[in-house]
Amino acid sequence: MGLERGQSMNIKNYIESIPDFPKKGIMFRDITPILAHPEAMRYVTGQIVEFAKKVDANLIVAPEARGFFFGTPAAIEANIGFAPVRKPGKLPRETMSVTYELEYGEDELQMHVDAIHEGDRVLIVDDLLATGGTVDAIVRLVESRKAKVVGIAFVIELDDLKGREKFKDIPVLALTHYEGE
């Protein structure tokens, strides 16, 4: 027996906190236990699907790899399209790209040019919102195609890093929050 529709779940019960990974001083939030528990996965997927319907999205866009875990099943369940965002050199057809700042340097993301069309209503899905740099880059990719980001959904939000502030005009869903850790 699982959760009934509309029931809440404490998703933190399915997130492991790993100290000093990938380097000393970092508290890594491991979402892979969610994937191992169908009831947790159904809950997360269901919450994202409800949000997609609320914001009237017709496409989910998610970055590799952890965004794929949640964005793909949500797109299937919501009966809307899915477009992957990947690191350079991973997509076989014509791509568009965006660079963004990291703590030390720059990174790049790519998406197929034909993945998004003018007027699409896009929900961006990822596992975790920290500073918001990756999602901000994806917003720029989406908007470059004259599509609209109508929402952003995360499993985890690190509140003290204030990534949400980058997205003042975009509805944000976060299923659980951590602060100061």
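# Exercises on backbone, charge and pocket

K162 sits in the loop between β8 (148-158) and β9 (172-178). The model is predicted, and the exercises below concern this predicted model.

**Exercise 1. State what is notable about phi of K162, and classify K162 by its accessibility.**

Step 1. Most residues other than glycine have a negative phi.
Step 2. Phi of K162 is near 55°, which is a positive value in a residue other than glycine.
Step 3. Partly exposed covers the range between under 20% and over 50% relative accessible area.
Step 4. K162 has 49% relative accessibility, so K162 counts as partly exposed.

**Exercise 2. Find the sign of phi of D56, then trace the salt bridge between D56 and R121 and the parts that it ties together.**

Step 1. D56 belongs to the loop between α2 (38-54) and β3.
Step 2. Phi of D56 is positive, near 60°, and D56 is a residue other than glycine.
Step 3. Side chains of opposite charge can pair when their charged atoms come close.
Step 4. The closest N and O atoms of R121 and D56 are 3.7 Å apart, and the two residues form a salt bridge.
Step 5. R121 lies in strand β7 and D56 in the loop between α2 and β3, so this salt bridge ties together parts that are 65 residues apart in sequence.
Step 6. R121 counts as partly exposed because its relative accessibility is 29%.

**Exercise 3. Locate the cis peptide bonds that join F21 to P22 and E64 to A65, and give omega for each.**

Step 1. Most peptide bonds are trans.
Step 2. The bond from F21 to P22 is cis, and its omega is near 0°.
Step 3. P22 falls in the loop between β1 (16-19) and β2.
Step 4. E64 and A65 are joined by a cis peptide bond with omega of about -15°.
Step 5. A65 is placed in the loop between β3 (59-63) and α3.

**Exercise 4. Continue from E64 and describe its salt bridge with R86.**

Step 1. The N to O distance is 3.3 Å, and the side chains of E64 and R86 meet in a salt bridge.
Step 2. The pair links distant parts of the chain, 22 residues apart: E64 is in the loop between β3 and α3, and R86 is in the loop between β4 (81-85) and β5.
Step 3. E64 counts as partly exposed because its relative accessibility is 27%.
Step 4. R86 has a relative accessible area of 22%, so R86 is partly exposed.

**Exercise 5. How many salt bridges does the structure hold, and where does the pair D136 and R140 lie?**

Step 1. The structure has seven salt bridges.
Step 2. One of them joins the side chains of D136 and R140, at 3.9 Å from N to O.
Step 3. Both D136 and R140 belong to helix α4, where they are four residues apart, about one turn of the helix.
Step 4. D136 is partly exposed because its relative accessible area is 26%.
Step 5. R140 has 37% relative accessibility, so R140 also counts as partly exposed.

**Exercise 6. Determine whether D30 is buried or exposed and which side chain of opposite charge is nearest, then place D127.**

Step 1. D30 is part of strand β2.
Step 2. D30 is buried yet has no salt bridge.
Step 3. The nearest side chain of opposite charge is that of R66, 7.1 Å away, whereas a salt bridge requires a distance within 4 Å.
Step 4. The side chain of D30 does make a polar contact with the side chain of T32, at 2.7 Å.
Step 5. D127 lies in strand β7.
Step 6. D127 counts as buried because its relative accessibility is 5%.
Step 7. D127 and G67 are 60 residues apart along the chain, but their C-alpha atoms are separated by 5.5 Å.

**Exercise 7. Describe the largest pocket by its volume, the elements that supply its lining and the classes of its residues.**

Step 1. The volume of the largest pocket is about 1,300 Å³.
Step 2. Its lining has 37 residues; R66, L128, A130, T131 and T134 lie nearest the centre.
Step 3. At least two lining residues come from each of β2 (27-30), α3 (66-78), β5 (95-102), β6 (105-112), β7 (121-129) and α4 (133-144).
Step 4. Helix α4 gives the largest share, five residues.
Step 5. By class, the lining divides into 16 nonpolar, five polar and 16 charged residues.

How values were computed:
Residues are numbered from 1 along each chain as its sequence is written. This is a predicted model: local features need pLDDT of at least 70, side-chain atom pairs count only at pLDDT 80 or more; totals for chains, interfaces and linings use all residues. Side-chain values use heavy atoms; hydrogens and water are left out. On a 1 Å grid over the protein atoms alone, a cavity is a set of points where a 1.4 Å probe fits but cannot get out, and a pocket is an open set with protein on both sides within 12 Å along at least five of seven lines; lining residues have an atom within 4 Å of a point. Grid points are joined across faces, edges and corners, and a volume is the space filled by probe spheres set on the points. Ala, Val, Leu, Ile, Met, Phe, Trp, Tyr, Cys and Pro count as nonpolar, Asp, Glu, Lys and Arg as charged, and the others, Gly among them, as polar. Buried means under 20% relative accessible area, exposed over 50%, partly exposed in between (1.4 Å probe, protein chains only). Lys and Arg count as positive and Asp and Glu as negative; His and the chain ends are not counted. A polar contact is a pair of N or O atoms within 3.5 Å; within protein, one must be able to donate a hydrogen and the other to accept it, and residues adjacent in sequence count only if both atoms are side-chain atoms.
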